Amino acid sequence: MKKIIIYTTSWCPWCQKTKKFLENLGYSYEERNVELNPEWGKELIEKSGQMGVPVTLIIDENGKEKLVIGYDPLSLKEALE
Amino acid sequence: MIYDSIIIGASAGGISSAIYLKRQGLNFIMIAKDIGGEMALSGIVENYPGFPRTTGFELAEKFEEHLKSYGVEPIIDEVIKVEKEENIFKVQTKSNNLYFSKTLILATGATPKKLNIPGENEFYHKGVSYCSVCDMPLFKGKTVAIIGGGNSALEAGIMASNICLKAYIVNKNPVFKGDKILVEEVSKKENVEIIYNALTQEIYGDEFVKGIKYLDKNTNEIKDLKVDGVFIHIGLKLNSEMIPDEWKVKNEFGEIIVNKFCETNVPGFFAAGDVTDFPHKQIGIAVGQGIAAGLGVINYLNKNKI
């Protein structure tokens, strides 16, 4: 089963949209709000090489990681296939 | 197939039109890049009647729920071209689909305007952001520049004062266009410095933003600010590029000129919400215009028997 991690901030509407999108497709995810833990902020920048949220990290059964930057339903669907 | 109507946009205006068309039993589709549009990004909303305090996101969710309760599912795509041949509108999308209709409602709203200066695209999400509520928390303890002179820039300044070490508000004008109450609040913040008459010229950095250069219009000198982030809040750009200039329905700002019934000079073409030339860009006004456009379409189809 794929593991999904979403990097967010508290007031970011695109983060809420991304979470809702995944919920509607029946996926569960782990949320890492970078405001609550600065380590997650560093992790976000290291993984994605940028400073915007949301970022969705999808880790497949073999540990292979895919990143989707921003609220991007088409890329999310593709990355989850 | 020729639809009775095509609604472009699925935010406050488009959804309001759709509810009225559906209740009238018209055969129509909605095409939108996203449901909720700019409304979903509005932050706290306290001026929409019936909802004393909500967020743009929550309100957009309610609108979507209402739309879907009528079984209307917008097509997620981007309209790139619109034409009118005889009495039929031809709508082409980015995914290369063509749709035909007897009437058209444009409710595409607006998106944040760009500065169009060197470094802006290169450092997008590498320090450059158009969404303070999203990305400001990533600049905790850092220094940021906020570009703009309206309410959004002032609100970003207040937000930055609570999160960042230091914030500059870089305003190209000698005064703020925003609300007096916000200007007063920002002026009290010790870690917020306002720079007036400053025209931002360039955003620079290496992997991430390191600073900006601006023209000081008082001295005509180029000055440098060392910052880690740049938040751009310089207003909105109307999403009306797909409407042909030869229709002569756009004003100098790209707004669609409508009358009080939300009709344009092109028969069968209506517009609603922020994309129109109505001076106030408000969710409540977009709703009212969406309803007027929806009723206008119904009236037009009845009158013209097409």
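Into which domains is chain B divided?

**View 1. The domains of chain B in the predicted model.** Domain 1 of chain B takes in two stretches, 2–112 and 236–304. Domain 2 covers 128–232. Measure between their C-alpha centres and you get 33 Å for domain 1 to domain 2 of chain B. Keep in mind that this is a predicted model, so to speak a computed picture throughout.

**View 2. An open sheet in chain B.** Here 5 strands line up as E10-E17-E11-E12-E13, with parallel pairing. Each edge strand has a partner on one side only: these are strand E10 (128–129) and strand E13 (192–195) of chain B.

**View 3. Zooming in on E12 and E13 of chain B.** Strand E12 runs over residues 166–170 of chain B, and its pairing with E13(B) is parallel, with 4 bridges. For a spot to centre on, try Val170(B): across from it, in E13(B), is Ile195(B). E13(B) is also one of the edge strands of the sheet.

**View 4. Where chain B meets chain A.** On the chain B side, 16 residues make contact, and they touch 15 residues of chain A. Two helices of chain B, H2 (56–69) and H3 (132–135), each put at least two residues into the side that touches chain A. H3(B) gives the largest share of that side, with 3 residues. And what is the chemical mix on the side of chain B that touches chain A? The tally there is 8 nonpolar, 5 polar and 3 charged residues.

Terms used:
Residues are numbered from 1 along each chain as its sequence is written. Chains are lettered from A and ligands numbered from 1 in the order in which they are written. This is a predicted model: local features need pLDDT of at least 70, side-chain atom pairs count only at pLDDT 80 or more; totals for chains, interfaces and linings use all residues. Two strands pair if DSSP finds at least two bridges between them. Domain bounds come from an automatic or database domain assignment. Two residues are in contact if their C-beta atoms, placed from the backbone, lie within 7 Å. Ala, Val, Leu, Ile, Met, Phe, Trp, Tyr, Cys and Pro count as nonpolar, Asp, Glu, Lys and Arg as charged, and the others, Gly among them, as polar.
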